[in-house]
Amino acid sequence: MDDCVFCKIIKGEIPSKTIYEDEIVKVFMDINPDDNGHMLIVPKKHIADFTELDDETALHINKIVKELKDKVYDRLNPDGIRFVNNYGVYQLVKHYHLHLIPCYEPKQPIVDVDIIYDKLK
Ligand code: AMP
Ligand code: ZN
C-alpha cells in the first residue's frame, strides 16, 4: 500500500533498525519503545490487522518469535516479554504487527534505541 509506513519500511523507502528479515517477515526496532528492546514483527505483505492474518504467516511468525525470544534473553536478560497485538482504535498503524516488548524488574530507564540495537543486531 502506497501510504502505509510499514510497507515503506519493508520496501526500504524509510530506514529501520532491522533485527531479522526473511521472505515473509521483517523485524525492526520500535521507534518509540515502551521498554528497552521493544521490536515489531511485521509481515512483508500488507495485511491490515490480525483478522486478515493467514494461517501460514501466523505459523511463521510464531516460529520466528521463539527464536527472537532466545536472542532477547541472551542479549538483554529481561525478566519477561509482553507480546502485544493492538486492534481497532488501539492500532495506529493499519499494517499488522506484533509487538515484542521485553520487561524488566525493577523497570529500567529507557535508553537510546541505538544502544539496544547494537546489542541485538
Ligand atoms: P500500534 O498502536 O500497535 O499500531 O503501534 C504502532 C507502533 O509502531 C508504535 O509503537 C510506534 O512507535 C511504531 N512505529 C511507528 N512508526 C515507526 C517507524 N517508522 N519505525 C519504527 N516503529 C514505528
Ligand atoms: Zn502496509
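This is a short walk through one ligand site and a few loop residues in the structure above.

Okay, hi everyone. One caveat before we start: this is a predicted model, so please hear every value that way.

Let's begin with the ligand. Where does ligand 1 sit? It's in the largest pocket. As for secondary structure around it, the elements that contribute two or more residues to the shell are α1, residues 5-11, and β2, residues 25-29. The shell has 15 residues, and the ones that come nearest are D30, L92, V93, H97 and H99.

Now the polar side of things, since I know this group likes distances. Which side chains have an N or O atom close to an oxygen of ligand 1? For D30, the distance from a side-chain N or O atom to a ligand oxygen is 2.5 Å. For H97, the equivalent pair is 2.7 Å apart. And for N86, a side-chain N or O atom is 2.9 Å from an oxygen of the ligand. How much of ligand 1 does the protein bury? On its own the ligand exposes 510 Å², and 83% of that gets buried by the protein.

Right, on to the loops. Take the one between β5, residues 98-103, and α3, residues 113-120; K107 lies in there. P106 is in that loop between β5 and α3 too, and here's something to look at on your screens: the peptide bond from E105 to P106 is cis, with omega near -5 degrees.

Back to K107. Is K107 buried or exposed? Its relative accessibility is 57%, and exposed means over 50%, so K107 counts as exposed. That doesn't leave K107 without partners, though: leaving aside residues up to four places away in sequence, K107 touches D34 and D35. With D34 there's a polar pair to point out, where the backbone oxygen of D34 is 3.5 Å from a polar atom of the K107 side chain. And if you're wondering about D79, that residue is 28 residues from K107 in sequence, while the C-alpha to C-alpha distance is 9.8 Å.

Last stop, N77. You'll find N77 in the loop between α2, residues 55-76, and β4, residues 80-84. What's the backbone doing there? N77 has a positive phi, about 50 degrees, even though it isn't a glycine. N77 has a relative accessible area of 58%, so this residue is exposed as well.

That's my tour. Happy to rotate the view if anyone wants another look.

Definitions and conventions: Residues numbered from 1 in each chain as written. Chains lettered and ligands numbered in written order. Predicted model: local features only at pLDDT ≥ 70, side-chain atom pairs only at ≥ 80, totals over all residues. Heavy atoms only, no water. Helix = DSSP H or I, 4+ residues; strand = E, 2+ residues; numbered from the N terminus. Buried < 20%, exposed > 50% of the residue type's maximum accessible area, 1.4 Å probe, protein only. Contact = heavy atoms within 4.5 Å. Polar contact = N/O pair within 3.5 Å; in protein donor to acceptor, adjacent residues only side chain to side chain. Near = heavy atom within 4 Å. Areas by Shrake-Rupley, 256 points an atom, 1.4 Å probe, with all protein chains shown as cover. 1 Å grid on protein atoms, 1.4 Å probe; cavity = no way out; pocket = protein on both sides within 12 Å on 5 of 7 lines; lining within 4 Å. Sits in = over half its atoms within 2 Å of the grid points.
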